[in-house]
Amino acid sequence: MSVWNVCFLFVYVLTMGGDHGVDADENKCDLFRGRWVWDESGSYPMYKGSECPFINPGLNCQRNGRPDTMYLNFTWQPHGCSLSRFDAENFLRRNKGKKIMFVGDSLSSNQFQSLACLLYYPARRYSRSITRQGSSFIYFYDHGVTIIYMKNGFLVDLVMEKQGRVLKLDSISRGIRWQEADILIFNSYHWWIHDGAFKSWDYYRVGENLYKEMPVMDAYRIALTTWAKWADSNINPKKTRFFFQGVSAFHYEGRDWGAPNTGNCNGETEPILGFMYPGKKYEAEQVIKDVISKMENPAYLLDITLLTQLRKDGHPSKYAGGMMDCSHWCLAGVPDTWNQILYTILLKD
């Protein structure tokens, strides 16, 4: 047994207790609660970032000079079950002629790029296009499968009015394209917490009322409720599998994971051991769950928060080709697990 597995076993006993072994009963399976374990099989990573043509330069950490590779060799072990090994040929065959669409911010793009890399190999014929608005389309010819990223970080409308940039919290006018998808994965969070030069709106609007200030999570709840109502009215659950990507963690404060002398994710090479994250929860987690719970046809929540909180080592950090990045994820890397979970869920259809 490796040193890593000995450490994980020790933490497991401390965390779970000796009388609470993991039950393999599928009814007790929780894909989003578990731990990261060292892969002894040599199966990870599932592709080489240097060989995938779809990765944005800032996420291609190995090509950007990141010297350590241990972060590539961990696999997510859920509570009570195991993830299905991602099989690209099976995924394409099962989704022949379908459209898989990611709608959201750059974390949604992170997952989109990961899926594209998981499906790619040099002999597989494809075409790719990128719009001026930042959306991407990849078509795999042999199976007629299209994967799409639609850039839309708020989901609700952001418009220019005479007062400035206005977030219309109760309005979605660009959702017609979303209805084309057979598998639809939404995401929205990180743009809401931007401030200073990165903040991309000046006012909020709800109906005829214009607001200069509003608690961000109040605005977020109104916007997600608008999205949920749109989804209930416009998405046919018999045609479209419908997901929401939960909050993806960021690691800019070492005290969040019990390392007060650590400034950010730079130099981190190992995940956090065990099943629990010592830092705080994100307020948005509960907002998302509250909104989804009230939907007539609830989205399937890809609740990735914990599994990303435990991966302080998975960010590009200084190997992003520019500023320090402790928000996005290296590819290959953590988002491959998000798609492995998605694949595991879809296999149950």
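pLDDT is the predictor's confidence in each residue, from 0 to 100. I looked that up before anything else: the protein chain averages 91, and 92% of the residues score at least 70.

Ground rules I noted: this is a predicted model, where local features need pLDDT of at least 70, side-chain atom pairs count only at pLDDT 80 or more, and totals for chains, interfaces and linings use all residues. Residues are numbered from 1 along each chain as its sequence is written, and side-chain values use heavy atoms, leaving out hydrogens and water.

Next, the weak spot. Residues 1-24 have a pLDDT below 50, and beyond near neighbours in sequence the stretch has 37 contacts in the model (contact means heavy atoms within 4.5 Å). Where pLDDT is low, the predicted coordinates should not be read in detail.

Then I checked helix H3 (residues 106-119) against helix H7 (residues 334-346); helices are DSSP runs of H or I, at least four residues, numbered from the N terminus. Their axes, lines fitted to C-alpha atoms over the stretch in contact with angles from 0 to 180 degrees between N-to-C directions, come within 8 Å and cross at roughly 75°. H3 and H7 are therefore roughly perpendicular (65 to 115 degrees). Among the residues that meet are Leu 107 and Leu 118 in H3 and Trp 338 in H7.

Last entry: how do H4 and H5 pack? Helix H4 (residues 216-234) and helix H5 (residues 283-293) have axes 10 Å apart, at an angle of about 30°. That makes H4 roughly parallel to H5 (under 35 degrees). I found Trp 227 of H4 and Ile 288 of H5 among the contact residues.

Notes: Helix = DSSP H or I, 4+ residues; strand = E, 2+ residues; numbered from the N terminus. Parallel < 35°, antiparallel > 145°, perpendicular 65-115°, else oblique.
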